[in-house]
Amino acid sequence: MEIYKIESLSFTYPTGRNEAIKDVNLSINKGDFITICGKSGCGKTTLLRMLKKPISPYGNASGSIFYKGQNLESADEKEQICEIGFVMQNPEDRVATDKVWHELAFGLESLGYSNWEIRSRVSETASFFGIESLFYKKTSELSGGEKQLLSLASVMVMRPDVIILDEPTSTLDPIAAYEFLHTLKKINDELGTTVILSEQRLDEAFALSNRVIVMDEGQIIADSTPKDVGNILSGQNHEMFFALPVPTRVFCEVCGGECSPVTIREGKEWLENYVSERNIKTDIDFPDKDPVKSESAICAKGLYFRYEKDSPDVIKGLELDIKKGEFFSILGGNGSGKTTALSLISGLNEAQRGDIFINGRKISNIPDLYSGLLGVLPQNPQSLFAKKTLYLDLFEMTDSSLSKEERNEKVSETASLCGIGHLLYRHPFDLSGGEIQRAALAMVLLRKPEIILLDEPTKGMDAHFKAIFGSILENLKKAGTTILMVSHDVEFCAEYSDRCALFFDGSITATQTPKKFFSSNSFYTTGANRMAKGVFPTAILARDIICALGKEERPFSPDYTDKSGSDYGVFEEKTEKPASKRIIAGISMFILCAICCAIQFMRFITLDTMGYVIFEIAAIFFAAFGIACFLPQEEFTSQSDFTVRSKGGFSMRLTVSALFILVAIPLTIYSGIYYFGDRKYYFISLLIIFETLLPFFLVFERRMPKAREIVIISALSAIAVAGRIAFFMLPEFKPVASIVIISGICFGAEAGFMVGALSAFVSNYFFGQGPWTPWQMFAFGIIGFLAGLLFRKGVFRKTRVSLTVFGFLSALVIYGGIMNVAALLMMTGEPGPGMIQASFAAGLPVDFIHALSTAFFLWFISGPMIEKLERVKLKYGLI
């Protein structure tokens, strides 16, 4: 029975130039165990996410996806949440609670299941997965393998019909990965659950799958059984052939044809028969790496370390000696202390006992480890990135003494070498696991360190870039760079390392050259060695077996250069000349300023004192904005942000919204004053919220708003409320108006008004509700509405100066003017001109402080907030 059917599916991200998915046609049957593989960036994750609508990426899609015969677009969302489970690459991204039992129950609680059913399902699932001993543990205390198993269990407690997994074993050691994948097979066999798995480690995945799909550049290039995929890729001479399990590769290189062995057992049986039938010599001594003879680069003597005073030692008597120009690899299980050892060598943590020497100098005597001496690629490479584009992060790592052109050239060369030239305009957090690893490597290489420390560098890398990465490291080693790597990738360590070590219980228990190390192990060894044991005992690579059988392995020399090109040039800082619209706006502002000044000083119009004050404030307003229109400042949003500005005049939707906000809400407040005597301010406030919601929901135009769109508005309102509370001790020095202005700029006039109205209403639960609440709601709301209208229409530039000037004047004139009038109307129903003048004069000092605080907060927070909100809006397709 067909559970998924995909017809002519194509997809393009908003920031992408090329299609991520191209005309994919696919059918998946109930009970299938499917492995999807391919190079990093080939579209695997995009395709998997599109199979579950609630987490589907935002962009331009065409074609259809059918789930159980129904179009996925129209399928019930709750049904998809329950029936389609999704396990992410990094378990940290999924864990949402503090305890294991709560994590298991979280999804069921969110969907409103009864306590009895939650307890029943959670206990059954914990028993099935054998995690009873972890049940009351904190999730922060779990190992990587335990967290990933918990992620799977928390999906299975929903009793899904399909489980989709995106490279779930990329952070696990070989033994934990084996156990996890076999748990998946148990679910598939015993429960009949369909499994769709994206994976780079194919040795185990192939053996468990009944079907394998290979993708490249968004297209399916192979779709067959595991036994036949090798022959298909071999015939295409495709790079993914080198990622296949060792038995499959060896068989295709030696014999060719279909029905190749997939598992180690099948490969071992075939190899023994092949050797015995042809009387092939088996006592072959395969080449090994020569030991590096040079001075010591890293030396650790008797290291002991613990994280807490009363906790057990994590590092116990560690002894280590790595030579200059040596590539030294450390393997071991999760939690054995490998990463902690790297943190000691890199100076991030300090050992309680023992000494570390770098190039013969005690580490504590080296003032700056990272000025060309050490380069560190951490286990979580995202921690290296802080800018809004990858280019900006890489540019910052270049030598500041070079010219801008030279620094750009360095970025371009390194990006091309690491295959990320086409990703330079992307936000680092939008990259796939393999892409972020390559980007982090580029950052390390730009510093040109003498010693490189790598923590799981091949995590998420495909076979294509692993070969490139290996070649890069070999060239660095030839140039004298020392490399210390912690890894679970035994195949990569066997191929490129000079020495390998096994880390266990806080110290190194074995150190040998690759051939001696892996041929003497049974578990921490390569697939080729497990397959060849008993026939060629010292073979540790597929190449060794192929050569022993009298054949030559086909050459695999992936191209270093990034053929997709580099976009670094588009990020150069630039100050645009004002556009024609802004020039006209600036000139108009100065003309209006001149008219106001003429009225103020020449007095050819007879007004009272208050009238002249109003014209004086207006002159300041127009002069400030006229200057802002011409100031050469860079706008906050870059070319890659795709900031949408409305074209032309006012749309019907915006006209209706303006009528509600500028007419209906003031009439509501007026009715509250003159018909209810300000006694029904709660009722009036709720009416204003209702009238605010109507124009806000008009934004969605014939579609239901997504939960994420409501959440972002709620979050901005909450930030404004929290900001008002945080600065309660400073009268009128509050960030509320600045948050409201930023909301209007990023999400439109209607959203700006809603954030303003909600912020005032909710915060007054802490500061006190009263007849002033509806007025504050209107005053904050109208500031957000005007900000969205003026900035998104392009009347004013989205620069720090423009926003600061607008914030100052809007808080002083709009908010202050409305609230001064409101205060007067709350005292008397018939105010005269003198009373209005006195009200404005009395309120001016308070209004000035509020305006100053709004300008202050906009100056410092507008840039970072707008950039973050624009990225979130673009990534998730908000409003």
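Author: Partly exposed means a relative accessible area between the buried limit, under 20%, and the exposed limit, over 50%. Keep that in mind for this predicted model.

Reader: Why is Asp 505 called partly exposed?
Author: Its relative accessible area is 43%. Buried needs under 20% and exposed needs over 50%. Asp 505 therefore counts as partly exposed.

Reader: What makes Lys 316 and Asp 505 a salt bridge?
Author: The side chains meet at 2.9 Å, N to O. The cut-off is within 4 Å, from a side-chain nitrogen of Lys or Arg to a carboxyl oxygen of Asp or Glu. The pair passes, so the name fits. Lys 316 sits in strand 12, and Asp 505 in the loop between strand 19 and strand 20. They are 189 residues apart. Lys 316 is partly exposed too, at 31%.

Reader: Why is Glu 167 called buried?
Author: Glu 167 has 6% relative accessibility. Buried means under 20%, so Glu 167 counts as buried.

Reader: And what makes Lys 44 buried?
Author: Its value is 4%. The limit is under 20%, so Lys 44 is buried.

Reader: How do you know that Glu 167 forms a salt bridge with Lys 44?
Author: The closest N and O atoms are 3.8 Å apart. The limit is within 4 Å, so the pair counts. Glu 167 lies in the loop between strand 7 and helix 6, and Lys 44 in helix 1, so the pair ties together parts that are 123 residues apart in sequence.

Reader: How many salt bridges does the whole structure have?
Author: A search finds 26. Among them is Lys 39 with Glu 239, at 3.1 Å, N to O. That pair is 200 residues apart.

Reader: Why is strand 17 called largely enclosed?
Author: Five of its five residues are buried, so the rest of the structure largely encloses strand 17. Ile 451, Leu 453 and Asp 455 point one way, while Ile 452 and Leu 454 point the other way.

Reader: How do you know that strand 17 pairs with strand 16 and strand 18?
Author: Pairing needs at least two bridges. Strand 16 and strand 17 have four bridges and run parallel. Strand 17 and strand 18 have five, and also run parallel. Both counts meet the requirement, so both pairs hold. In the first pair, Val 376 has Leu 453 as its bridge partner. In the second, Asp 455 stands opposite Val 486.

Reader: What makes strand 2 and strand 5 edge strands?
Author: Each pairs on one side only. They belong to an open sheet of four strands, in the order 2-1-4-5.

How values were computed: Residues are numbered from 1 along each chain as its sequence is written. This is a predicted model: local features need pLDDT of at least 70, side-chain atom pairs count only at pLDDT 80 or more; totals for chains, interfaces and linings use all residues. Side-chain values use heavy atoms; hydrogens and water are left out. Helices (H or I, at least four residues) and strands (E, at least two) are DSSP runs, numbered from the N terminus. Buried means under 20% relative accessible area, exposed over 50%, partly exposed in between (1.4 Å probe, protein chains only).
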